[in-house]
Each structure stands twice: as C-alpha cells, then as structure tokens.
Amino acid sequence: MSYLLTATCAVPAAGAVLTAALPAGSTEARRRTTKLTALTVSAVTLALAALAAARFKPGGARYQLTESYSWIRSFGISFSLGVDGIGAVLVLLTAVLVPIVMLASWHDADPAPAPDGTSDSATFEGRRRTQGFFALILAVEAMVIVSFLATDVFLFYVFFEAMLIPMYFLIGGFGDRAGGPEAARQRSYAAVKFLLYNLLGGLVMLAAVIGLYVIAQQQGQATFDLQSLTSAIADGKLVIDPTAERALFLGFFFAFAVKAPLWPLHTWLPNAMGESTAGTAVLITAVVDKVGTFAMLRFCLGLFPDASKFFAPAILVLSVIGIIYGALLAVGQKDIKRLIAYASISHFGFIIMGIFAMTSQGQSGATLYMVNHGISTAAWLLVAGFLISRRGSRLIADYGGVQKVAPVLAGTFLIGGLATLSLPGLAPFVSEFLVLVGTFSRYPVIGVIATFGIVLAALYALVLYQRTMTGPVRDGVRGMADLKVRELAVVTPLVALTIFLGVYPKPLTDLVNPAVNDTLSQVHRTDPAPAHPVAGPAGGEQK
Amino acid sequence: MNPVNYLYLAALLFTIGASGVLIRRNAIVLFMCVELMLNASNLALVTFSRLHGNLDGQIIAFFTMVVAAAEVVVGLAIIVSIFRTRHSASVDDSNLMKL
Amino acid sequence: MNSLIPLLVAAPLAGAALLLLGGRALDRFGHWLGTFAAALSFVFGLVLFFSMLGRSAAQRPVQEHLFSWVPVNGFQADVSFQLDQLSVTFVLLITGVGTLIHLYSVGYMAHDERRRRFFGYLNLFLAAMLLLVLADNYLLLYVGWEGVGLASYLLIGFWQHKPSAATAAKKAFLVNRVGDVGLSIAIMLMFTDFGNVTFNGVFGAADQASKSQLTAIGLMLLLAACGKSAQVPLQSWLGDAMEGPTPVSALIHAATMVTAGVYLITRSGAIFNLAPQAQTAVVCVGAVTLLFGAIVGCAKDDIKKALAGSTMSQIGYMILAAGLGPIGYVFAIMHLVTHGFFKAGLFLGAGSVMHGMDDEVNMRHYGGLRKLMPITFVTFGLGYLAIIGFPGLSGFFSKDKIIEAAFAKGGTEGWILGAVTLIGAAVTAFYMTRVMILTFFGEKRWQPDAEGHQPHPHESPATMTTPMIVLAFGSVFAGGLLAFNSSFLKWLEPITGHSEGNSPLSSTVVTLLTMACMLAGVGLAYAVYGRSPVPVTPPVGSVLTRAARRDLLQDDFNHAVLVRPGSALAAALVYFDSKGLDGFVNGLAATIGGISSRLRRVQNGYVRSYALSMFGGTLVLVATTLLMRSV
Amino acid sequence: MTSTGEAVQFWVLAVIAVGGALGMLLMRKAVHSALCLAATMLSLAVCYLAEGAVFLGVVQIVVYTGAIMMLFLFVVMLVGVTSEDSLKEQLKGQRVAAVICGLGFGVLLIAGIANAKLSAFTGLSEANAEGNVQGLARLIFTKYVWAFEVTGALLITAAVGAMVLTHREHVKAPATQRELAAQRVRDNVQLPPLPAPGVYARHNAVDIPGLLPDGSIAEDSVMGTLRERGQIRDVSQDMLRRMAELEADTADWLGRPPSARPTPPRPRQELTPVPGHEEDAE
C-alpha cells in the first residue's frame, strides 16, 4: 500500500494549517512569506498529483493506488482512497488550477483601504486576511481532492459537505471591498445563499447515505465501501427495491445537481460567482462544482444503475433546458462575471447531458468537459478579473475599446471566449462534440436542440468581447495597463493547456476511457451500434 | 434491606438537584445543585457496581468525580470572572444569549 | 514525399504563431515573414502537385496519418490528411492566390501600425483553409471549417475601433455558427449511421444507408455550406464582411473561404448522389442565391458590396453546379478556380482604387479613373471580361459549362435551371458593366473628404500591382488552360465522377444563348449608365431597387424574426430567473424567516428557562422509554 | 439482602442526605447551602463505604467534601457578599413548572427503578477479594488506562483554563505612582491620602471611621467592604456624650454650678469644637 494519495490530500491540508499559523501580515514581507508558502504547498501538491497520475496504469484495475484505514469500524466506515481515470484527471485539474488561482489572487487579500480611506491593516481581521485567504484556498483544495479520491461513500459525503465551510468564508469574506456597504451586503447574501443551497442538498444526500447503509445492512452488506457496494449490486448480493432505489438516487442526485448546478437549482451560482473575487469564482465553477458532476458519474450511476436509467430522460431534458436557458441568460446579462456564471450553467448542462446519455462518447466527453471547462473558464474568468480590477466595475457598459490600449489582455480574453464557445482546435470543442455525439446517438432530438446551444454560446461570448474590447476607447479605459508579468504567468499555462488539449487530448482520453467503460458496464448500457457499420478497422487506420 | 433502596435515594437526590438548578438563581448554588446531581449518579453507579459484582461502576464513578472536579474548577472560575465584570452572581442577569 | 503534406499546414501555422506571439520585435519584417510562410506552403503544394502528376490516376490520392486525435471507443477521429486531385487543386488555389494577396497586403497595409498582426491572421487563415481541404475526415474538416471562420472573424473585425467592423465580424461568425450546427449534426448523423466520420468510411458505406438518412445528412451539409458560402438563407453576413481590409475580402470573401461550401458538397458527392432530394435542395439554394446575389449586386453603390453580391451570385452558380451531381461537380470546381482568379483580381483592383481615392468606396464618387490608374484599369478590366464570360477568357469556359450542365439536368428542371443561369449571366454582365463604367469611365465625380481634401488618385505601388497583374493573367488564361482538351475534367473525374447528362440543346446553342444574354446585359448597362451622367446622389429608385439596396430586406427579416424576439426572450428569462426562480426561493426563505422570528421569542436568553425545557424534554424521553418498555 | 446494621445505617444516612439536599435547595444564603451540601456528601461517603466502595468513600470525603466544597466556600467568600437570592422569581411560571417537572421526574425515576428487573444481588466480596483499592487499580491501569490518561489531560486543561479565566489581562502597562498622582490631580477628587480610620487611642479599629473637624465621621476612612456591609461603628457621638457625662460628674463632685458646666453635645450637623482640642486643652 502506497501513501501517495494520502500525501496528495494531506499536503494541502497541512499547508492550510501552516499558512493559517504564519505570523500576521502586517507588513508586505510577511504577506509575501505567506503567499509563497501557500504557493509552494500547492506546487508540491501538483507534483504529487502528477506522480499519482503517472503511476496510474490505464489498463489496470478501476481503482488503483488504493489505501484504506479503518475509521468508524462499527458502521463499516473507512478512510479509503483510490484513484480511477476520471478521478485522476480531475485531481490533476484541481492541482493545476489552485496554484494558478493563488497567483491570480496575489493581491486580492491584501489589507485594502476601507471606503472611508482608513486602512484596515490595523485591525486583527485585517492583519490576518492574507493568511486566512490562502489557508482557505488550500483547505478547499485538500477537501476537493479527498472528494475525488474517496472510495467510501461516507467519507465522500463528509468532505463533500465540509468544503462548503471554507468556500463560505472565501465568498463572504473576500470580495471587492471598495464597493462599500451595499457590496458587502450583496456578498454576504451570496455567501449565505451558496451555503443554504448546498447544505440543503447535502442534508438530503445524508438521508440517502444513511438509507443506503440501512438497506445494505439488512442484506448483510454493512459497509460504506464503494467498491464492495457496487460489486454487491452487480452480483445481485445487494438488491434494492426499485422504489427505494429511485428515492435514494434522487437523494444523491439532488445534492449533486445543486452543486453542479443543474437547472433550476442554479440560482446560487451567479450570485456566488458575481460577488466573490475572480479567483474564488474560479474555485467555485472550475473545481468545487466539478465534484457534483464527478459524483453523478461515480456514485449515482455506480450505486443506482437502474434508477439512473429510469431518470435519465428527465435529467436529459433538464440539462438541455439548462444549456439553452443558461446561454440565453448569459446573452441578457449586464455584468461580466454573472455572464460567465450563466455560461457555466450552460456548460454544466452539457456535462450532465453527457453523463446521462450513457454512451461512452457522452461520458468520456463529459469527463473531458469537466477538465476543459475548468481550464478554459478559468482563463476567461481570470482575465475578466484582471480587467475588472483595472477599472473597478463589473458592468459591461463601462468598457469599450480595451483592445486598443491593452492588446494582450484583449487577446487572451478573446481566446477564453473562443474556448467557451467551443472553437475547434481548442480543448472544449473535443469534449463538447463528444458529448453531443454521445447524446445524439441515443437521443437525437435532445442532441439537436443542444447543438443550437453552440450558436448562443457564440452570441454571448462574442457580444461580450465586442462590447468590452472593440469600438472607440472609452474614458475609463484610457490608460489601462496591459497584462503584467504575474498575470501573464497566470494566463499562459491556461491558454497553452487549452490549445494543447484541443489538439492532443489523447493523454486524457486514455486515462478516462477505461473508467467510463467500467461505469457503463455498471449500468448495463452499451453504445448504440451504428446502423450501417463500416467494415474493417474504424477510422484513420488506412495506409 | 434491599440495596435497591440506594437507587431510590439516588433518584431522590438527583431530582432535588435538578429542581434546584431550575429554581435557584445564584450561580454558586446552582452549581452546587449540579454537584448534587453528579453525586446522586455516583451513588447509583456504586450501587450498580455492587449489584453486578464488578468494579467498573466504581471506576466510572471515580472518573465522574475527576471530571466533576475539573468542572468545578472551570465553572467557579467562570463565575468569578463573570462576577468581576457584572458584579452579580445571578444567572438571570446574564441573558446575553438572547439575540 | 507525403510527409510534406503536414508541412503545407504547418508552414503558415508556424508563421501565424510567430507573428502573433512574437511581439514588437517582428514589426519591422513580420509582413515578409508572413508572405514567406505562404510562399513556402505554395512551393510545397507545387512539389506535391508535380509528384502527383507523375503517378497514375489510381495512385494519386495519398494519405498521411499523423496521430490519433479523439479516440473514444466507437468514435475515432484522427489528425490525418488526404491529398487527392480535388484537394491539391484547392491547395494550389489557396496558397497561390494567398501568396499573391500577402504580397499585395504588404503595400496595402503599409501604413497600418498593426500590420504584423494582420499577417498573422492571414497566415492563420491559410493554415485553417488548408486543413479544411486536406482533412481526411469530417471532424478534422470541421476544425478547418471553424478555423477559417475564426480567421474571417478576426480579419473582418481587424479595424476593431470601428463599431461597424466589430459588429460585422460578430455577425459573420454567428451566421456561420448556424451553418456549423448543420455540419455538427451531419457528423453526428454519420456517426450514428456508419460509426465512422472518415471520408473513405462514410462514402464506402453510404450505399447501404437508407435514403432518408442520406437526405438528412445531405440537408445538414447543405446548411453548413449555406453558412460558409453565404447562400440563401444564411447570406446576410457577406455584405457586411466587406468592412474588413480589401485583401481580406479578396482572399477570404471571394477566392477561397466562401467556396468551402462548394468543396464540402463536392467532397460529399457520394452522399448527395444517393440523396436526390438533398440535391434538389442544393440546386434550389444555388439558383435562388445566384439571382439574389446578382440583384443585390446591381443596386449597391459601394464597390466592395457590389462585388460581394457578385461573389454570392457566382458561388450560387457553383453550388447549383455541385447540386447537379456528377454532371456538374467538375465544372463547379472549375468555376471555383477561375472565379478565384478573376474575383480576387477584381477585389484587388477595387482595393487599389480605394487606396488611390482615400478609402472612398462609393462608386458614385469615382469616375474617369482609367487614365490615372492604368494598371488597375487594365487588370480590373480583364477580370471584368472574365466574369461576364467574354469568349476566350476564364469565366467563359467555366460558366458556359455550368449553364450547359444546368440544361443537361434534363426535363423541366433542366429548362428552369438553364433559364435561371442564363438570366444570371445577363444580370452579371449588367452589374459588372455598371461597376466598370461608374469607376473608370465618365466624368470625375470626386468628393472632398470630411476635412475637405480633394482626392488625388494615383497608381498603387508595385507590391500591389504585381499580384493584380498575375491574377489578371490567371483571369485570362486559367479557364482556357483547364478546359483545354478537357484536362481538368480528366484530372478530377476519378474523384468526383462525371456524366454528360442529356442536354436538350447542343453546346453551341447554349454558348450562343449565353453570349446573347451577356451582350444584352452589357448593352442595358451602357444604356443606363454610359450615355448620361451618373448622379452623385442615388435616385430614389423603384421598390425593387430600394429593397436590393437593403440586401433584399434580409437584415430586416432576420432582425424581425430572430434578433428582436431573441432579445425579448433573453430579457424575459432574466426577469424570470431573478423574480421567478430566485423569487420563489427567496420567498420561501422569507416565510421561514418570519416563522422563526416569532419562534425566537421563546428564546428569552435566561439559562434557567432553557434548562427547564431541557429538563422537560428529558422527562418526556424517560416517560416514553418507560411506556415503550411496559407496552 | 444486606445486614440489618446496614439497613439502619442506610435509613439514618438517607434522612441526613435528603435533609441536606433539601436544605441546600431551600436555604437563602449560599454559605448555608454549601454546608448542607457538605452534610449530604459526607453521608454519601459513608454510604459508599457501606457498599464496599472503600476507595471511593475516602475519595468522596477528601476530594468532594475536602477540596471541592472548600473551593465553593472560597468562592462564596469572594463573591458571596451579595449572593443572597431574592425571593422574587423573575421568570413567569418558572418555579411552579420546575416543581412540577421535578416531582414528575422523581416519580418517573422511582417508578422506573421499581419496574426494573434488577439482576440478582451479587455483592462485591469477590471483586474486592484482593482489596478494593487493588481491584480498582488493576482496572484503571489496564482497561481504563486510556481514559485515565485523558482525565489527567483534562485536569491539567481545567487548571490552566481556570487560571486563564481568572487572569486579568493587562491591557496596558500599570500606571506608575507618578502617573497615578498626576491623574488624581487631574480628576481633582481626593488629593491627599484617604483619612486613616480610628479615633482616639482607644478606638483605632478599622471599623471605626475617623472624624472630620466638624465632628462628623469621615466615611472614606473605613474600607469599602465594611462600608458595604454597613459595619461602620460610629463612636463619635458616643465619646462626646460620655465626655459630657464625665464632666457633669466631675462638676457634681466639685460642686460647681451648672452654669459653669460644659454644654452637652449638640446635634451633629452643627459646628462643634473638635473634642480632641478640648481634651488637649485640659
């Protein structure tokens, strides 16, 4: 048994404690120490995650590098970690994004002058801001990684819920403080909304978790271990009554659908993303929300195969509504960050659609989508954050002609937008197309409707670009600085990854495909066969 | 005599202690009532130990005493510090829990 | 030798990457770097072309597999190229015309501070376009397809400080996106029907599929082609796309990108041949657009927009020919090639005129330029003769063949199509003559610009005139060369197939009819514009003229049917989201809050009161336990 | 069944214990409550001894009665000056509800015990075979060693906690004597030191206030605690009266006319010569 996975989640957790314990940031030098410590910890985490992904053998067992430590023995709860292909890519995504987010948020948590001109560096809260912010980010990273690695349902539940706490403080405690009391009120509203929505989902899931355990216990399978449960279900040792299975499925799914978020449970996302800092917004949409879609794939489908199939059409309809609805609302937004949030809702619709289409293309595509959406939205959002921090306004109408004064910023913003509208050659295209193909091959009508989402995506992405970046230079924009070195260091890896994964996604698909096939076999689904298959080896083998 | 009588005694003392907690307002007396409740339960534990013929009950009673000692130390310290700031030992004066 | 194929794409791609990422250090020589990349690609194309000439027809198509791109169980798409007679034709056209236009842009964009980026975009376009024609599967083709869309977006909006340019760029991309939906769905249909998206795979299995499936695929491909090639009903973007710099209009919106739809339909011939209904749809679209574009072209006073209408119309010809099936594929491509030469030449000429006239685009403000800009006049004139189908020039051979093919379709259909193409030829002659007369003949109608400077027309520098001269040569000789001994027919036939059809008219009759129509058009135009002075302000005109000036109300239609309801829907949904969904949740929260604020009074803050309730609770619990035990 | 001796002992102790408990509940003064509780605890200790829990019985006496109750008394001493409960109940219905709940709870508990099927009485003779203390030790250091260690930690924490809680944070450096003096001048409250207590050589006890020049008492001269308790012994008038009596006696004895006698003390409000001066004069 190796300790690699434990190390991968323990390092950021320990780093969070360490960062929080560092001396208060009353001076620039101390704050710098804090930030560098946090950055180093996240870099070490990235290295560990990369090592784990490298050690993972795509052809081998579904879960590898497994570790298990007894935790609450009387209920069969253990601290079990294991990584499969889907988990591996998502852990990598998290580990890649966190240092980037930190770098992007470098000055977001500095003690800033209050609206009345006084600096808050004198107060205790002001002095510990920097430590708090970076420690919270590391805490989120640790919890998300555990969620991606947990092979114990209860363990997963605990961390799925626990990550709300640091997120709550990140959203509510760190925003644009220049906005005055009204902004603070909005921020606290957003944080509470985020917490309440997700707590509600989590509580419903807790009931389902307990229900699952009770049913399993009655049939002599008193365990929370995912692999034991799924194999028992597959072998017929654990037979859940259809009604109960559906109820349990809904319990799990509700929590994940709130987190993901799926229409109509999405309304917390625009508030949370709009009011928080750009870095936090990236954490929300690119990392934390992915736990929801990931869990649908791993838990909903693995534990409740029949119920998943039963509810799949309904969920597909909701997700396709989400795609169109999110895109239309994005078109109608006046606020840059809210626009991106609604775009994300549309994208989450695609991901969920891919998962519940139950084809290997759809699910591989959905998994890739999680990664690609994370990277590309992070790029878009962070550049938007840089833009907003320069002008101090989130309203689209306050911008115009930025391209003229800050061409690099505009260029990266455009690339982010193009990635969001799934331009072929950039990463999101591969995943979006796979999702569409996968859905279309089983549910043609839904696939076609969803395809029209790409027109709307072009509309909101390009309208945003046009209104902010092109046209005559507006007054507030004149003299705006282009991207600085630190900001370039944030954007460059994201853009490079977006392009690389668009051209050569094979490393990811190789990791993901076996896990997806395993998931599909759990739900007893096979891809629909083509009506008139081409004889001979498929595609591209011709000499 | 049946040793169960000790249990009745314990029950009686416990009830008196509990009522005391509800009725008295002086924090110190209130605290004494809590001690009485603890003592009552100790008596019950010792009696159980005797009924069952093993010493585990006494052990638990022993631990209860230790914990009670710790509790008294901290509790009295709290009372003293509250008295210092509020110049009163009445629990009714500290209703800051109200929103 | 085959390893050169990826280099075809790689050369301009590397050029684009260097130019866009290189920074200001490249400002001084970046334009030459871009031109070099294009030329390099052209040289590679030539090498590959000659090596292909050396092989027998059966061995000419080659494939070059680079790497597996999207491997997911049943769905396999690779980065893999296919070079056959069809694609090499395109490669030569794209890189050849592309190189010339790069050269032209060196002069045209000389005073633009962002010239380096312009060349980066041009190179990016070349790479994407080459990828489009070299892909051996539909998904990779899709990459090129959207890649050219992106390049077109960037180049139309190159002068981003002008809101009109930014809007036009966005519009072009959006309308193309609608077409892309078609291509996406077509690929999905292919995958569900055949489990494969490679050309070889799909075409090989096409004959097993049902007609309805193939028709669906064909219609979706047609939708894609309509978007990219500006065919009705997705034509509205092309006129606005003229906001871009003129070399862009010449390269992308005349010679190459807009013809991608023709390529797509020709390439997918195996599907269309088995889906006659889809073919009918293609022909209808082509025929309608042919007339539509021509009418719009007659009414525009903006020289570039007039040429854009003409492009639309000429591509209508090609689409129509492609829709005719094996009768027309070869001629569609042939017209595409010749059109590439003369239309690019015409646009470059227009650019040269604008260059000399201080970026004036209104033809009513030109006049009498033939003496002042002799090279431009001659090259433009040769292009003009080519497009109207003057005997012996390029357009004559290719357009004549299409008209013949239209008649050869046979039956009523054939007569209708033949008539439409003939009318089209007449209208083409009319509006091109109009452009010619308004620009180069007649008296000077020059207008001072906003600051009151009178324009001083002058001939353009050599970097601009050289490409124009080369293209003029192409306009003159390309058609003859291709038609000579049916060499082009023989060249392409192994790929596209060919059948003669059964024309009710002999080819001589068709040629004579075409000549007559052309002369009628020229004559009418001369009668209207050549014999009397042209008013500087346009007359009100008939209803049709006014409609044509507004692009036959296409924008008004789109605005009324799509844009306005769409934005109303978005606004309504925003309201619904905040007041409906969120309002519901917030209302729930407010209700709970109200209840709790009442319940809160129980919490009086007295610790003894809390203790009492705890004690009461314990009481209840003990009582319940005892009762349960006794039961 | 137990021996009769134990039964007798039980009934005696039970009465004492319940009586003590009720006393604690009903006494108004905290000191009295504490003493009642001590009585209850002592009787419980004897019960433990009778039940064979020798060690616990001793611990009960030493720890509870000896340490904890003393701690209570200390605290009562510290804060208990005003620790008398007023009889007025502020919470509406609290007392009635508490009594009802208490009665109900007691009845329920007793009923519960009465209904319980208690296992046969085993007795501790076997468990205590090697001695009660040894038996307990064996358990504590084997089976319960972890809990034992944890309680150790708990006690330490509690001790530290108590120190922290009662420790007063010095927010700023304590003022020096000079600063205090300066502050006093600024405040202009009491410039010189407070007057010393005590009058005359006979009355220098702390509870006797010094007298002001006008003969009234200087309350400042008595310490605050005594003042608060009202334990000030005002002897000024007393002394004057006795002085006057003495003068009168002397006059009688000398046969002086009444007119030559000194005047008896007037009410305090009026200005009177300072008695000391008179004495000095003599």
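Start with chains B and D: 14 residue pairs are in polar contact between them, both residues at pLDDT 80 or more. A polar contact is a pair of N or O atoms within 3.5 Å; within protein, one must be able to donate a hydrogen and the other to accept it, and residues adjacent in sequence count only if both atoms are side-chain atoms.

This is a predicted model, in which local features need pLDDT of at least 70, side-chain atom pairs count only at pLDDT 80 or more, and totals for chains, interfaces and linings use all residues. Residues are numbered from 1 along each chain as its sequence is written, chains are lettered from A in the order written, and side-chain values use heavy atoms, without hydrogens and water.

**Stop 1: the side of chain B that touches chain D**

Select helix 3 (56-86) of chain B. Helix 3 gives the most to this side, with 22 residues. Helices are DSSP runs of H or I, at least four residues, and strands are runs of E, at least two, numbered from the N terminus. Colour the side by type: 43 residues are nonpolar, 15 polar and seven charged. Here Ala, Val, Leu, Ile, Met, Phe, Trp, Tyr, Cys and Pro count as nonpolar, Asp, Glu, Lys and Arg as charged, and the others, Gly among them, as polar.

Next, pick B:Asp56 and D:Lys143. They form a salt bridge, with the closest N and O atoms 3.3 Å apart. The rule (a side-chain nitrogen of Lys or Arg within 4 Å of a carboxyl oxygen of Asp or Glu) finds three across this interface.

**Stop 2: A:Arg62**

Move to chain A and select A:Arg62. A:Asp84 forms a salt bridge with A:Arg62 at 2.9 Å. A:Asp84 lies in the loop between strand 2 (77-83) and helix 3 (85-104), 22 residues from A:Arg62. Both are buried (under 20% relative accessible area; exposed is over 50%, partly exposed in between; 1.4 Å probe, protein chains only): A:Asp84 has 1% and A:Arg62 has 15%.

Now add A:Asp518. Its side chain meets A:Arg62 in a salt bridge of 2.7 Å, N to O. A:Asp518 sits in helix 22 (residues 506-522), 456 residues from A:Arg62. At 27%, A:Asp518 is partly exposed. Add A:Arg298 too: shared partners join A:Arg62, A:Asp84, A:Arg298 and A:Asp518 into one network.

**Stop 3: C:Lys162 and C:Glu243**

Select this pair in chain C. Their side chains meet in a salt bridge of 3.5 Å, N to O. The two residues are 81 apart in the chain. C:Lys162 is partly exposed at 31%, and C:Glu243 is partly exposed at 23%.
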